[in-house]
Structure formats: C-alpha cells, structure tokens
Amino acid sequence: MQAPYNSAVMVDGTGRRIFVYDKIHLVPFGEYEPFPLIHRVVASVSSEVGGFRKGTTRVVGTLPNGFKFGTYICYEAIYPGEVREFANHGANLLINISNDGWFGKSAAAEQHLRMARVRAVENRRWLLRVTNSGITAAVDPYGRTFTSIPRDVRGAADLPYDFRTDLTLYTRMGDWFAWLCVIVSVILVGKTFIKSRRISTSEE
C-alpha cells in the first residue's frame, strides 16, 4: 500500500482537481517516524501511526482572476525560509491551513497564529489562515489581524484579502542579513578575545 500524503487540494465546479500541494515539511513522530525501526515496531501494533510521504515541490496555484496563491500546511508556517519560496515562485496571496486540535485549550493556537503572521510581514503578502479548531483569520502585509470566528466555533467568515506582486528584500535574498550579523558578531567576539589575551600577556 502506498503511503499517503498530507495535501491541500482545490477542485473546480465539476469536482476536478485543479491544484494539489503535498506537504513537504512533515511533523516528526506525528506525520512520520524519523527512526524507521521504531516505526515498524509501532506499525505492527497499530496502523494509526504517522506514515505520510513528504511532497517534493512547492506548487503555486492559479485563481480564475489570474492571480497566484501558495498554500502551506500546519506547522510549515513556522519556517520563514520555506514560506518565502511560495512568494518567490509567484504567489500573490498566502494561504495557511492547519489542524490546531492538537493544542486543546492551551495558548499554543494563538502562538501558532502569531508565527504565521510574521510570514505575511516578511513577504509583504496577505495571509488567509484557516484552522479546524484554532483561530481563523486574515492577516494583512503589515501584520494586522482580522478575525471574526472564535475558537472552537463552526462557522464561515467574509474576511478581507488582496493580491500583491512586489517582492521584499527578504523574499529575494532570504536569511543573508541574519547570517551576515552572525559572521560579524563572531569576528568581533574573536577580536575581543584576542585583544584581551594580548593585554593579559603584556601585563604578566
């Protein structure tokens, strides 16, 4: 039996699939077992264990109006370098779907939204976020959040969103500035250490 994918799918009015994105960054232990031997042992007891296959391509879909969207699934929202790839591939709108039922009544659902919110700011894109039991919201390119459905309430919402075509410096360049800061910090710390060693040696 072929392993399943955790996927986002869009269908047209006839039920035909016109967009499929297979989740690339799977949750360890929840969606896949990082240790194959342990997985085989657990799977021999129960078939209800994480055994998803990961996707390979960050697919961007096209809407009838010609604009493009990128959909990432659940905790992929916490990885900025991965989400920026959707904007780099032409996505004018970001969509995040998530199963926040894992979090129960804890503050983790709110934290998850806050992390997803940063992805909208980094890429200057509107973000539509839909969850099964968490917080459903729209986030504008400046991080302002619009919500109208409380947690654990089944419903529908007409939330604002728009499409953008500009690319931020982060979308274009990624984490180069952060790495540059790390390199400069290491150099400065190293120079300070060498200087202090020289001073201590000259005083002896």
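A residue counts as buried here when its relative accessible area is under 20%. By that yardstick, 32% of the 204 residues in this predicted model are buried. The protein has 5 helices and 8 strands, and reading along the sequence gives the pattern β-β-α-β-β-α-β-α-β-β-β-α-α. Looking at contacts between residues with a separation of 6 or more, 58% come from residues 24 or more positions apart.

A good place to start is the pair of strands that opens the chain. Strand 1 (residues 7–11) and strand 2 (residues 17–22) run antiparallel and are joined by 5 bridges. Within this pairing, Met10 sits opposite Phe19 of strand 2. The two strands make a hairpin with 5 residues between them, and Gly15 there has a positive phi near 85 degrees. Strand 2 also holds Arg17. With a relative accessible area of 59%, Arg17 is exposed, because the cut-off for that label is over 50%. Once neighbours within four places in sequence are set aside, the contacts of Arg17 are Val9, Met10 and Val11.

Next comes the sheet. It is an open one, built from 6 strands in the order 3-4-5-6-7-8, and its pairing is mixed. Strand 3 (60–62) and strand 8 are the edge strands; each has a single partner strand, so one side of each has no neighbour in the sheet. On average, and ignoring direction, neighbouring strands are turned by 20 degrees against each other.

Helix 2 packs on this sheet, where it touches strand 3, strand 4 (68–73) and strand 5 (93–98), and its direction makes about 160 degrees with that of strand 4. Helix 3, for its part, lies across strand 4, strand 5, strand 6, strand 7 and strand 8, and runs at about 160 degrees to strand 6.

At one end of the strand order, two hairpins follow one another. Strand 6 (residues 127–131) and strand 7 are antiparallel, with 3 bridges between them, and they form a hairpin with 4 residues in between. Here Leu128 stands opposite Ala138 of strand 7. Strand 7 then pairs with strand 8 (residues 145–149), again in the antiparallel sense, over 4 bridges. Val139 has Thr145 of strand 8 as its bridge partner. This second hairpin has 5 residues between its strands, and Gly143 in the turn shows a positive phi of about 90 degrees.

Which residues of strand 7 are buried, and on which side? Side chains in a regular strand alternate between the two faces of the sheet. In strand 7 (residues 136–139), Thr136 and Ala138 are buried on one side, while Ala137 and Val139 are buried on the other, leaving both faces covered.

The last stop is helix 2 and what surrounds it. The buried residues of helix 2 are Glu82, Val83, Arg84, Phe86 and Ala87. They pack against strand 2, strand 3, strand 4, strand 5, helix 3 and helix 4 (169–173). Just after the helix, Gly90 takes a positive phi of about 105 degrees.

How do helix 2 and helix 3 cross, and at what angle? The axes of helix 2 (residues 80–88) and helix 3 (residues 108–123) come within 10 Å and cross at roughly 50 degrees. The two helices are therefore oblique to each other, and their crossing is right-handed. On the helix 2 side, the contact is made by Pro80, Val83, Arg84 and Ala87, which meet Arg119, Glu122 and Asn123 of helix 3. Sorted by class, this contact has 3 nonpolar, 1 polar and 3 charged residues. Val83, Arg84 and Ala87 thus appear twice in the picture: they are among the buried residues of helix 2, and they also take part in the contact with helix 3.

How values were computed: Residues are numbered from 1 along each chain as its sequence is written. This is a predicted model: local features need pLDDT of at least 70, side-chain atom pairs count only at pLDDT 80 or more; totals for chains, interfaces and linings use all residues. Side-chain values use heavy atoms; hydrogens and water are left out. Buried means under 20% relative accessible area, exposed over 50%, partly exposed in between (1.4 Å probe, protein chains only). Two strands pair if DSSP finds at least two bridges between them. Axes are lines fitted to C-alpha atoms, for helices over the stretch in contact, and angles run from 0 to 180 degrees between N-to-C directions. Angles under 35 degrees count as roughly parallel, over 145 as roughly antiparallel, 65 to 115 as roughly perpendicular and the rest as oblique. A crossing is left-handed if the near helix is turned anticlockwise from the far one by less than a right angle, and right-handed if clockwise. Contact means heavy atoms within 4.5 Å. Ala, Val, Leu, Ile, Met, Phe, Trp, Tyr, Cys and Pro count as nonpolar, Asp, Glu, Lys and Arg as charged, and the others, Gly among them, as polar.
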